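The following exercises ask the reader to work from the sequence and the structure together. Each task is followed by a solution in steps.

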Amino acid sequence: MRFMEPKIDQLRVSKVLSIIENDTEEARRIIDELPQRDYFVIGVTGSPGAGKSSLTDRLACMSADEKSTAVVAIDPSSPFTGGAFLGDRIRMRRATDDPEIFVRSMASRGNVGGLSPSIYNTVELLGRSGYERIYVETVGAGQSETDIVNLADIVILVLAPGLGDDVQTMKAGIMEIGDIFVVNKSDLPGSDQLFSRTRAILELSGKQLPVVRTNSIKGNGIEELHKKIGAILEDHVDSGRLSEKRRKRNLYNNLNSAYQIIKEHYAENAKLEELIKYLLENIGRESK
Amino acid sequence: MKIKVLVAKPGLDGHDRGAKVVAMALRDAGMEVIYTGLRQSPESIVKAALQEDVDVVGLSILSGAHMKICSKVLQLMKDSGIGNKPIFVGGIIPAEDAEELRRAGIFEVFGPGTSLKSIAEKIEETVKK
Amino acid sequence: MSNREKLEKLKDDWKRERVTPLLKRFPERKKEFKTSFDGPVEILYTPKEDEDYEEKIGFPGQYPFTRGVQPTMYRGRLWTMRQYAGFGTAEESNQRYRYLLSQGQTGLSVAFDLPTQIGYDSDDPMSEGEVGRVGVAIDSLEDMETLFEGIPLERVSTSMTINSTAAILLAMYIAVGEKQGVDPSKLTGTIQNDILKEYIARGTYIFPPDSSMRLITDIFEYCSKNLPDFNTISISGYHIREAGANSVQEIAFTLADGIAYVQAAIDAGLDPNVFGKRLSFFFNSHNGFLEEIAKFRAARRLWARIMKERFGVTDEKAMMLRFHTQTGGSTLTAQQPMNNIVRVAFQALAAVLGGTQSLHTNSFDEALGLPTEDSVTIALRTQQIIASETGVADTVDSLGGAYFIEELTDRTEELAMDYIHKIDDLGGMVEAVRTGFVQKEILDSAYKYQVSVENKEQIIVGVNEFVSEDKELKDILRLDPAIENRQKKKIEKLRSSRDNGKVQSLLDDLREGARGSDNLMPFILKAVKAYATLGEIANALRDVFGEYTEAVIL
């Protein structure tokens with residue numbers, strides 16, 4: 001393995017990320033000092049056990065051939081002890097072995113939307129540090145993790161047979177967030193059915209969204225998925241949807257940062273928190 | 001600030017009961033534990049420590065390969081520029097070897113029968129310093 | 001009033017009149033007494049009136065084999081005292097085996113090092129620091145020839161603890177036999193070949209479960225035709241228990257593994273009446289003395305029922321659960337290590353009272369390193385004392401009919417069966433392992449146990465109670481670190497002297513075979529004979545099958 005000689009200074013990025021995770025005010029200061037850059041955020045979400053991590057692992061390796069790539073994988077914090085068990089590296093052997101890919105695990109730290117409180121600043125720092133493709137894998141706790149929509153330029157919703165991932169029974173919210181639908185574990189029985197049902201439902205709802213079948217263990221379908229992601233991103237650039245997404249992401253980042261700073265420094269002021277929460281929950285609603 | 005700990009199993013030995021039970025205990029002590037699973041090379045352990053910016057690295061080794069593995073991890077930590085991250089080692093380590101490991105720069109060696117509480121306390125104490 | 005009701009009333013009277021008043025003055029030591037699987041342990045057990053003796057307990061050597069698999073048990077022949085050994089190079093192990101054989105031993109039990117078990121050559125970067133450590137290093141047929149030099153394979157039975165690379169080592173064993181002029185059909189022995197428990201507990205897996213199961217059934221099929229006297233699997237609960245499972249989980253998950261293998265063999269066209277006789281099991285004997293005895297009895301009865309009722313087996317011999325036992329390695333303490341001799345003695349006694357067919361007793365210094373010759377001798381003597389001095393081998397199933405033992409046997413069987421049903425609901429053992437269900441159950445038990453030790457609910461003498469200043473053990477076996485280099489040089493020499501073109505083309509054939517559905521044993525055998533290395537063969541299969549990543553279960 002080539003070691004410790006990546007193009008981007010990972011040690012520096014890593015240390016700054018720790019600051020970002022613990023001190024939002026300082027995070028903003030550091031980020032503002034760095035020049036803005038273009039980067040894409042690719043969100044990966046879906047039920048636990050659907051194979052999100054191994055799929056992200058494959059995709060990250062593929063995009064690392066062309067673009068500098070980072071992965072952020074989020075796992076839940078224990079509501080009782082505040083501790084967390086972050087095991088995504090286990091399933092990301094390829095990405096973690098690639099000297100150029102930066103992989104970071106994060107705990108949700110009380111955040112309920114499937115992300116972590118500092119995710120916006122984390123992504124912004126990675127982008128300004130030179131990472132052009134940033135994959136964000138959500139907690140995947142099964143609840144509706146719709147926050148990823150505000151963060152990512154494109155959201156991949158991973159489904160797999162045998163998990164009760166029947167799109168008909170899925171909360172409407174989760175179907176709304178996907179830009180690409182992936183039926184993973186294509187070798188398992190029930191995969192054909194899930195694939196055709198997903199397609200039928202999307203058709204019924206009048207959406208022309210791609211459904212891709214993959215086997216993230218063996219690697220089948222990953223290339224097709226990777227190409228589709230590229231095509232959609234390009235399309236977003238051309239249609240101007242991307243700049244709209246970015247405008248929103250910035251908005252969310254600012255709001256979220258304000259919220260975090262208040263939480264960190266003025267936690268006792270409950271009314272302020274309520275207001276910010278209200279703003280966070282309601283902003284961008286009109287666009288749906 | 002949350003304490004971040006990397007728990008890794010280097011080498012080929014597949015007995016991960018100790019590593020996992022310790023990981024659970026540290027999580028329950030409020031720490032964020034990054035667990036990398038079996039068969040980690042010294043390179044991937046140091047890379048994980050670097051990318052995750054952990055406060056402490058814990059290695060679990062039961063196959064007897066501890067001398068070689070630890071010296072390599074220590075060397076790579078130095079080369080990578082991470083600096084002096086405390087490294088803890090758990091497993092079947094003869095007293096003589098444990099002594100040598102400490103001399104070489106391993107922070108602490110936990111043998112069989114070490115209580116989970118004392119491991120968590122030791123880590124907290126070390127990080128706070 | 002039935003006898004049962006009469007007895008219940010008497011027991012209630014006794015409790016009310018004798019126990020309750022006493023408890024007011026002298027409370028019991030603990031609030032509740034429990035088994036390792038969290039079952040209640042009551043103050044007293046009494047006979048069950050409604051028990052159908054014939055159906056549930058029966059006679060030794062008869063269905064459902066609760067009391068033992070042979071009619072005379074140890075009155076005829078004692079259990080086999082079989083100690084697992086091997087380390088360093090093939091030369092060193094060969095010398096040890098020849099010595100053991102010259103002392104009258106007829107069977108060998110070979111331990112391999114981790115690179116051999118996981119399919120890496122000694123010169124692979126992954127092998128660094130591991131070569132020859134926990135067993136002998138085998139890289140090619142050349143090493144296997146050395147390992148068995150001067151040992152006539154038609155006269156010894158060889159047990160090999162090998163799983164994901166079992167097909168390769170078995171092929172090497174066959175090839176050595178042929179070089180000695182021994183027909184494969186004359187070979188006897190056992191390969192562990194139990195991959196499911198590797199995913200669950202022991203960790204020496206390589207390939208994903210479906211490919212591993214294919215290799216296993218390929219071995220079953222090949223051996224049924226070519227090595228009819230070879231035991232093709234040893235279904236192991238030992239490591240599952242070591243990983244932290246309780247007694248119920250140990251037998252539940254082991255028998256569930258067994259079900260998966262039998263089903264795979266049936267699907268491959270083998271007859272369970274024939275094949276069932278080639279199955280053997282491997283259990284742990286832990287600290288809970290009575291619980292362990294009940295566990296062995298429950299396992300026998302449950303397996304007999306599974307073979308008969310689930311698989312429709314008619315030959316009683318194919319319903320018998322024959323097993324090897326090893327005392328619990330994780331119960332050994334590094335503190336006050338001599339106490340381990342006593343622990344091992346109780347565990348060994350439980351295995352004998354539970355009717356084991358063979359037994360390995362651990363050495364007292366194994367929480368500190370590899371055992372020395374002295375400690376191994378004490379371990380063996382422990383078995384000999386049980387066999388010759390205690391008298392427990394003179395009657396069959398001497399604890400059968402003890403009220404508590406029968407109750408525990410019933411309870412263990414029942415709870416294990418619940419687990420098996422649950423696993424069936426999850427889609428079988430392969431699926432339950434893939435999703436991490438089994439691993440999670442075991443880890444939860446392991447964590448709970450550890451917490452109970454920390455709380456001193458569970459006392460471990462010398463660890464959390466009765467602690468004393470440690471006297472250090474001076475005598476610890478050390479391995480020569482030069483072994484790794486010697487092994488690397490050997491492999492380098494081999495690579496420069498063999499026909500590399502032929503090796504490459506045979507490895508290509510193997511890849512091609514792996515992509516299809518033909519039995520892979522003949523491909524592997526050919527490659528082995530051309531001196532393809534273990535790592536090369538394993539890598540060719542990795543190319544096609546891919547590698548397994550463990551389930552994330554925390």
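**Exercise 1. Pairing in a sheet**

Which residue in β7(C) does Ser234(C) stand opposite? The model is a predicted one. Determine also the order of the strands in the sheet and its edges.

Solution.

Step 1. Ser234(C) stands opposite Ser280(C) in β7(C).

Step 2. Ser234(C) belongs to β6(C), which covers residues 233–236. This strand is joined by four bridges to β7(C), residues 279–285, and the two run parallel.

Step 3. On its other pairing, β7(C) has five bridges to β8(C), residues 323–327, again with the strands running parallel. One position in this pairing is Phe282(C), whose bridge partner in β8(C) is His324(C).

Step 4. The five strands of the open sheet follow the order β1-β9-β8-β7-β6 in chain C, and the pairing is parallel. The edges are β1 (80–81) and β6 of chain C; each has a single partner strand, so one side of each lacks a neighbour in the sheet.

Step 5. In a regular strand, side chains alternate between the two faces of the sheet. In β6(C), Ile233(C) and Ile235(C) point one way, while Ser234(C) and Ser236(C) point the other way. All four of these residues are buried.

**Exercise 2. Two charged residues of chain C**

Classify Arg214(C) and Asp123(C) as buried, partly exposed or exposed, and describe their surroundings.

Solution.

Step 1. Arg214(C) lies in helix α8 of chain C, residues 209–226. Its relative accessible area is 16%, and the limit for a buried residue is under 20%, so Arg214(C) is buried.

Step 2. Leaving aside residues up to four places away in sequence, Arg214(C) touches several residues, including Gly513(C), Leu520(C) and Phe545(C). Asp518(C) is also touched, and the side chain of Arg214(C) reaches the backbone oxygen of Asp518(C) at 2.8 Å.

Step 3. Asp123(C) is placed in the loop between α4 (114–118) and α5 (141–147) of chain C. With a relative accessible area of 31%, between the limits of 20% and 50%, Asp123(C) is therefore partly exposed.

Step 4. Asp123(C) and Gln487(C) are 364 residues apart along the chain, yet their C-alpha atoms are separated by 7.8 Å. Beyond four places in sequence, Asp123(C) touches Lys488(C), Ile491(C) and Arg495(C). The side chains of Asp123(C) and Arg495(C) are joined by a polar contact of 2.7 Å.

**Exercise 3. The contact of chains A and B**

How many residues does each chain give to the contact, and which elements of chain B take part?

Solution.

Step 1. Chain B gives 32 residues and chain A gives 33 residues.

Step 2. About 2,600 Å² is buried between chain B and chain A, 53% of it on carbon and sulfur atoms. Of the area that chain B buries against chain A, Glu32(B), Lys47(B) and Gln51(B) supply 25%, more than any other three residues.

Step 3. Between the two chains there are 23 residue pairs in polar contact. On the side of chain B that touches chain A, α1 (17–28), β2 (32–35), α2 (42–52) and α3 (66–80) of chain B each supply at least two residues. The largest share, eight residues, comes from α2(B). By type, that side of chain B divides into 12 nonpolar, nine polar and 11 charged residues.

Step 4. Four salt bridges are counted between chain B and chain A. One of them joins the side chains of Glu21(A) and Lys4(B), at 3.8 Å from N to O.

Step 5. Strand β3 of chain A, residues 84–86, is joined to β2(B) by three bridges, and these strands run parallel. Here Ala84(A) has Glu32(B) as its bridge partner in β2(B).

Technical notes: Residues numbered from 1 in each chain as written. Chains lettered and ligands numbered in written order. Predicted model: local features only at pLDDT ≥ 70, side-chain atom pairs only at ≥ 80, totals over all residues. Heavy atoms only, no water. Contact = heavy atoms within 4.5 Å. Buried area = accessible area lost by both parts, 1.4 Å probe. Polar contact = N/O pair within 3.5 Å; in protein donor to acceptor, adjacent residues only side chain to side chain. Nonpolar A, V, L, I, M, F, W, Y, C, P; charged D, E, K, R; others polar. Pairing = 2+ DSSP bridges. Buried < 20%, exposed > 50% of the residue type's maximum accessible area, 1.4 Å probe, protein only.
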